[in-house]
4 protein chains.
Amino acid sequence: MTVEHTTTLRVRYSETDQMGTVYNSRVLEWFEVGRTELLRAIGLPYAQMEAQGVFLPLVEARVRYLGRAAYDDDLRITSRIAPEGKASLRFEIDITHADDRPVARGHTIHAVTSAEGKPVRPPAWLVDKINSSAGE
Amino acid sequence: MTVEHTTTLRVRYSETDQMGTVYNSRVLEWFEVGRTELLRAIGLPYAQMEAQGVFLPLVEARVRYLGRAAYDDDLRITSRIAPEGKASLRFEIDITHADDRPVARGHTIHAVTSAEGKPVRPPAWLVDKINSSAGE
Amino acid sequence: MTVEHTTTLRVRYSETDQMGTVYNSRVLEWFEVGRTELLRAIGLPYAQMEAQGVFLPLVEARVRYLGRAAYDDDLRITSRIAPEGKASLRFEIDITHADDRPVARGHTIHAVTSAEGKPVRPPAWLVDKINSSAGE
Amino acid sequence: MTVEHTTTLRVRYSETDQMGTVYNSRVLEWFEVGRTELLRAIGLPYAQMEAQGVFLPLVEARVRYLGRAAYDDDLRITSRIAPEGKASLRFEIDITHADDRPVARGHTIHAVTSAEGKPVRPPAWLVDKINSSAGE
């Protein structure tokens, strides 16, 4: 039971490198775009979460690079969220071209912390929203 | 009467773009490296300034791109600081190759503010340090 | 007589810094988004220009920082293009919040070059398109 | 039997985010700094490898985020290289504070390709250098 959401983006020139394709770290920045739009879609905008004192720093990231992407390509980012144990969240992200050719796939695992980086129990409003969205 | 300081850096692959040279916005990131090292050299590490509640957000930046720089090039960043009016600071930055071929030149102008972005009068310890360093 | 085009973007978390606002160099990356979308709108996608051997490297950039922008803010980028002398192009860019509060304003000046960075005369199809779009 | 090399870097302001720590994707850019300096140390500067037509695009990256790093922190990047099967290379990277507190740890796996991204057999001069460095 997971929540899934798809958003799109255009590859910026600033995201390319001299290989003529996308620089590897940009994929983690796109994973963030996927997380942001998924959380907005289920009614939990991340900006509001931080305003309420709940932060989601990464504890792990993994990316598999599956195909080339170039400047101005029109990409799809499909994101899923699920609880990871009792105290963490996991996002699975899939990036493809508009015609489904794969670009990158991976996941990030996030702690739930205070502004100072102290682990906190995931608030009920967060857990409930994820569970109820997954069940829709 | 200005303070001047030179530091060096290697161009990273992440700083290139598909033109095979450095992406234009990276030069502003290198200007920051120049400012950081100049402020450290005169005994005003910027991390300490922020810890004391003094921030230097940009109000203006100008860059002239004078020559190509590529991955792994060894560059020199020469920075100068001077007061700009009563409430601002100005950094002039010059970036060259090790053999003096020019890469970029420009300046940034900074407000002096609180953590919340409110303009504050530049503290005496800041003004004194800049003036005394310039006079050395 | 200039061509004008407006596009929008969301501020990414990766574009913020520890001041809690947007890091200064990101504005030049957004200027690029403005240029890309303006060129597409007038029928000159920049990816196609490069495929035809015409490159537009920056020779100058200037930014005035006019107001704070934060993570997840919804911004408007308004871009105008005009010839600059016989051999260059100039883009004027204005970035505001959705409610028109200013964020940044500036310009970039671009040489017209071959893939190797040699200046070339702006091709007629480029000049004609800019002039005819401006006259529409 | 692996080759190991340590380099250092200062955290840039541009690498922080509004959490007040380093933005997650920057770690992959630092992994690149580690790879670049390790390859230079064993006599295989990556800029020369590309000039000879050998490219090392990523096929996989994994990062575990182990501790906070902030602006101006002085970090150590320790990199190791080893063959991964017959056609790939693997870098293991460890990033710590100067006092050994961990920041991040992970690996990247790289294909060996032509400039066009076609897989090629790792050249003998590359394999020999890695093996002989490992044996030193």
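Why do the copies, chain B and chain D, meet through the same surface? Because 100% of the interface residues of chain B are also interface residues in chain D.

Some ground rules before the details. This is a predicted model, where local features need pLDDT of at least 70, side-chain atom pairs count only at pLDDT 80 or more, and totals for chains, interfaces and linings use all residues. Residues are numbered from 1 along each chain as its sequence is written, chains are lettered from A and ligands numbered from 1 in the order in which they are written, and side-chain values use heavy atoms, with hydrogens and water left out.

**Chain B with chain D**

Rotate chain B by 180 degrees, with 0.0 Å of shift along the axis, and it superposes on chain D at an RMSD of 0.0 Å (least squares on the C-alpha atoms of residues with pLDDT of at least 70 in both). The two copies are thus related as by a two-fold rotation axis. In chain B, the C-alpha of B:L9 is the one nearest that axis, at 5.1 Å.

There are 12 residue pairs in polar contact here, both residues at pLDDT 80 or more (N or O atoms within 3.5 Å, one able to donate a hydrogen and the other to accept it; residues adjacent in sequence count only through side-chain atoms on both sides). On the chain B side, α1(B) gives the most, with seven residues. That side divides into seven nonpolar, two polar and nine charged residues.

**Chain A with chain D**

A:M19, A:L28 and A:Y65 supply 24% of the area that chain A buries against chain D. This pair has 14 residue pairs in polar contact, and β2(A) provides the largest share of chain A's side, eight residues. β2(A) also pairs with β2 of chain D (residues 58-65), antiparallel over five bridges (DSSP must find at least two bridges for a pairing). Within that pairing, A:A61 stands opposite D:V63.

**The two interfaces in numbers**

Contact means heavy atoms within 4.5 Å; buried area is the accessible area (1.4 Å probe) lost on putting two parts together, summed over both; a salt bridge puts a side-chain nitrogen of Lys or Arg within 4 Å of a carboxyl oxygen of Asp or Glu.

| Chains | Residues in contact | Buried area | Salt bridges | One salt bridge (N to O) |
|---|---|---|---|---|
| A and D | 27 from chain A, 27 from chain D | about 2100 Å² | four | A:E60 and D:R62, 3.3 Å |
| B and D | 18 from chain B, 18 from chain D | about 1600 Å² | four | B:R40 and D:D72, 2.8 Å |

Definitions and conventions
Helices (H or I, at least four residues) and strands (E, at least two) are DSSP runs, numbered from the N terminus. Ala, Val, Leu, Ile, Met, Phe, Trp, Tyr, Cys and Pro count as nonpolar, Asp, Glu, Lys and Arg as charged, and the others, Gly among them, as polar.
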